[in-house]
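Let's take a walk through this model together, one neighbourhood at a time. Have the sequence and the 3D view open as you read.

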Amino acid sequence: MRRLDLLTAEEAGRAQEASSLPEKVRAVVDVLAGKGSYASQSLQTFIETTNSQLYLHITVYEPMVQKHLESLQSYYGNGLETGPLQRLTNLLLVEGLTDIQQKEHDILQIEATKGLRNVSKSIPLEKLFLPLSKVSIPPRISVTIGVAGIGKSTLVKLFVYTWAKGEINRDIIFVLPLTFRELNTYEKLSAERLICSAFPHITEPNCISAGAARTLLILDGLDEFKTPLDFSNTVVCTDPKKEIQVDNLITNIIRGNLLQEASVWVTSRPTAASQIPGGLVDRMTEIRGFGAAEMQDFLDQMFLDNRDLSGQVLRHIRANRPLHVMCTVPGFCWISGSSIGYYLKNSTDQFQETTVVPKTLSEIYSYYFKMALSSDWPEKPKETLRIEQAMNNSKKMVGSLGRLAFYGLVKKKYVFYEQDMKAYGIDLSLLQSSLCSRLLLKEEMQSFTAYYFSHLTIQEFLAAIYYYTAAKRAIFDLFTESGMSWPKLGFLNHFKSAVQRSLQAEDRHLDIFVRFLSGLLSPQVNKLLSGWLLVKDEHNSFRSQAINFLQGCLNTDYIISSRTVNTMHCLYEIQHTEIAKTVEEAMKNESLAGMLTPVNCSALAYLLQVSDVCVEETNLSNCLTYNICKSLLSQLLFCHNLRLDNNQFKDNVMELLGSVLSVKDCQIQKLSLAENQISNKGTKALARSLMVNRSLTVLDLRSNSIGPTGAKGLPRTPSLLSPCSLQHNTIKEDGATFLAEALLTNHRLTTLHLQKNAIGARGARKIADALKQNCSLKELTLSSNSVGDNGSVALAEALKVNHSLQNLDLQSNSISSAGVTALTAALSSNKGLINLNLRENSISKEGGPAIARALRTNSTLRKLDLAANLLYDEGGKAIALAMKENRADAALACLSLQENAIGDEGMVALSAALKVNTTLADLHLQVASVGVAGAQALAEALMVNKSLQILDLRGNSIGVAGAKAMANALKVNRSLRRLNLQENSLGMDGAICIATALKGNHGLTYVNLQGNRIGQSGAKMISDAIRTNSPDCVVDV
């Protein structure tokens, strides 16, 4: 082309940049199309004489591709709104199916996981079929999973339409979207006939089967396929022209025996996706549900003409935690939003007296059906019927569709064809009614018509209504469609049969059906549907017996599973909540100890999923035994913040918890096991699980007995543990050595609590040496460890080079002036430490000047705790002089000199500093021997100081005179927020002075005047006066 002068150098370069021959051809043709007939004729002559492959691409493949693109744009562009679909443009990248996804019903999955997956990675839609890195290859088999109603088919439509417009994946020449609904209509197919029958315009399928053009085959809705895929018994077929059973064809394509060069994308509900062996799947993604903003936008779109109603619906959904979790699924959100909106629009004062906002699944679907049977449906009905005629038609329709729904559910059949309708005696003309079209959707293709319920739960609810109605008169087991079975007389026997079959079903596909069946026995649902689908008050004769039977299913000797939890859901649907309420109240009051019988354990497992009590923290302290803990494991898996303190747990329980932490589903982020009886053996079990766990970030093991060996394993794990609390575990020097070694390699641990572990000076030195290299640790607690001066000197050396540690706690470590001199010398050059706790040591007045030198040079320290040392007035004065300098880069905001006997002289010096200091906000001077003179000096400072917000003078002796001086200061000061004058010998007069002063002070929010010999009547008078003078101020008298 260049030699014929048909392409410029720039145009040829652009064509060469294309990744494949078809792309290059397309680029050349696009350029030559604008250069007249001579260019087109020259191109045709060139390809006919030089390149047969190129000739094929231009004369055969390219027109075929264009027809294919036009066909897809026309079919998939209709009704696809890209606005609400932003959620689908980013998928969660997952590492295979979790246990719960393989075994449980969709709704049970959402309830157990609270709609959240423990996944941190996502992948944009446009990169779904690209390599993840430069050294990897594109995936051949991709699987996208999502529960019913999450948007799998919508995702496929979005991808196909976006690709057909040329916006993504231009390296793919053919995208072939197929549904398993289509494949259900064939018995046998070849690979080439599969393509030609679905896409008649593809006249040369061999270009796909031979791999001449990169192809993406989409198989949407594996869960709707009529035949289970059996990969273990696949009959190998490599001939693309040979017709074989359709299920065998699919397994051969996925195995790579057919269409080896094509990429395959399968979408499915999670349980059905487990049919495909994990080893064959190159990439698995999951569609995420709504976030908070997306749910609000979705409801706003539903109620475009009434934003107030949208807001009310959202508030009701958020107030019901289980419902809010379920509404992260768009399909369920639409049903719930419609039902609650219908209730609110039709609620009058009289109506609200007899009904409540729908909360249970059965109530929501009862309102939905009532709306579908009424004229309040969002879309206008095709026909207008009288109410009597509508009721009669609805009963007939629900009876017909209910039988189809029930036996479809029993057979795990979710897509129906005309032959199915005829088999169940459904009048096809009935399917044209508005009433029916609201429940059953219709998909017409060239060769077939398919019907499917608008959501899986619609099929389950209809099935329950049919079973409920039929069970009242049936004499044979309804689950046996032929009617050949042992006689079953009476509704209750049929109810028991349904529950027992649900409990026995391995894939749990009947669980929601029995919830709805139970819900039809509730007074509220009967009231809603009586006259339409139910007979008024007929539930009364069955309800109590059904409740007794369900409760009997809970007596399982501490064997609790998702089946048990579903039985509790059935009791909730039937409006029997006494057991759950009793246990929930005990959870609130932390009084579960001794009441966890098998039945109450079942209720507890249920509450762990649905109760608001467990939102912030699941507190199961002081109430569990080994057996109870074992029975609750499957529910503990999904508790984000779990407290199991003081349960006398031994090492065998750690084996159990280790098994939970090792599971891929695990969502535990914070785990507290404080005050148990865990030794090094139990700690090893935890450490093994943390090698694979990816959720836990906080572990609290304080007050156990893990010892030095137990301390060896935990920080070495790759988990994101931070903080890790090993307080009071007798790890001693050897344990500190192990921890120090771990700190050299663990770069994720940010908080380590080691108080009361007897590590001594040598243990402190080991940790200090590690700190010289570790840059991740932010907080280190070593209080009550006998660190002494030698350990302090070692830590000081570390602080000279470590600028990442922010909090260091050395309380109660027998540190004297020598140790503090080393630490404060390090502070002169340290650029990271923010909080230093040196309380309850032996720092004498000689340590004061050393601390002062640090305060004169350090620019990062914000909090310094020197309480309960021996500084006296001389030490206090030295510190005050440093603060008086008020350097521009000084950071100290909180200072505690509690119990240091600084006296009036020290207080006078501090007061002088406060007159000029502008950084100090908190000053703690409890039991500091401050008298009248000190209080008067402090009062003068408060008249000009504008930074101090908290002042604690508890346990001094400022007396009435000091109180009067403070009162005068309070009339002027505007910065102080909290003032504690407890136990200061104020007497009634001093207290009155303070109370009166608050009349002009609008800054104080808390005052403590307790222990000042005011008396009960005086306390009331002072309290009333303060409330009058300063109503926003809280007073303790």
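Start at Tyr365, which counts as buried because its relative accessibility is 0%. Keep in mind that you're looking at a predicted model. Phe461 is buried too, again at 0% relative accessibility. To see how two rings like these sit together, what do you need to know? A pair of aromatic rings is described by the distance of the centres and the angle of the planes.

The structure holds 30 aromatic pairs. One of them is formed by Tyr365 and Phe461, with 5.9 Å from centre to centre and 35 degrees between the planes, and that makes it a tilted pair. Tyr365 belongs to helix H18 (residues 361-372) while Phe461 belongs to helix H22 (residues 456-471), so this pair ties together parts that lie 96 residues apart in sequence.

Now shift your view to Tyr368 and Phe369. Their ring centres are 6.5 Å apart and their planes meet at 65 degrees, so here we have an edge-to-face pair. Are these two buried or exposed? Tyr368 has a relative accessible area of 2%, so it's buried, and Phe369 is buried as well, with a value of 0%. Zoom out a little and you'll find that Tyr365, Tyr368, Phe369 and Phe461 belong to one aromatic cluster, along with Phe332, Trp334 and Phe516.

Rings also come up in another setting, with arginines. Arg181 lies over the face of Tyr452, at 3.7 Å from the ring centre. Arg269 does likewise with Tyr414, lying over the face of the ring at 5.4 Å from its centre.

Tyr452 gives us a way into the next stop, since strand S12 covers residues 449-453. S12 is part of an open sheet of three strands, in the order S10-S12-S11, with antiparallel pairing. Why does one side of S10 and of S11 lack a neighbour in the sheet? Strand S10 (416-417) and strand S11 (440-444) stand at the edges and have a single partner strand each, so one side of each is left without a neighbour there. Between S11 and S12, the antiparallel pairing runs over five bridges. If you want a landmark along it, go to Lys442, whose bridge partner in S12 is Tyr451.

Next, find strand S9, at residues 283-286. What happens on its two faces? Both are covered: Arg283 and Thr285 on one side are buried, and so are Met284 and Glu286 on the other. As for partners, S9 pairs with strand S1 (residues 90-94) in the antiparallel sense, over three bridges. In that pairing Val94 stands opposite Met284. S9 also pairs with strand S3 (residues 141-145), this time in the parallel sense and over four bridges. Here Thr144 has Thr285 as its bridge partner.

Last stop: Arg255, in helix H11 (residues 246-255). This arginine is partly exposed, with a relative accessible area of 38%. Which residues does Arg255 touch, leaving aside its neighbours within four places in sequence? The contacts are with Arg140, Phe231, Thr234 and Leu280. You can also look across to Ile276, which is 21 residues from Arg255 in sequence and 9.7 Å away in space, C-alpha to C-alpha.

Terms used:
Residues numbered from 1 in each chain as written. Predicted model: local features only at pLDDT ≥ 70, side-chain atom pairs only at ≥ 80, totals over all residues. Heavy atoms only, no water. Buried < 20%, exposed > 50% of the residue type's maximum accessible area, 1.4 Å probe, protein only. Pairing = 2+ DSSP bridges. Contact = heavy atoms within 4.5 Å. Phe/Tyr/Trp six-rings, centres within 6.5 Å; stacked < 30°, edge-to-face > 60°. Lys NZ or Arg CZ within 6 Å of the ring centre and 35° of its normal.
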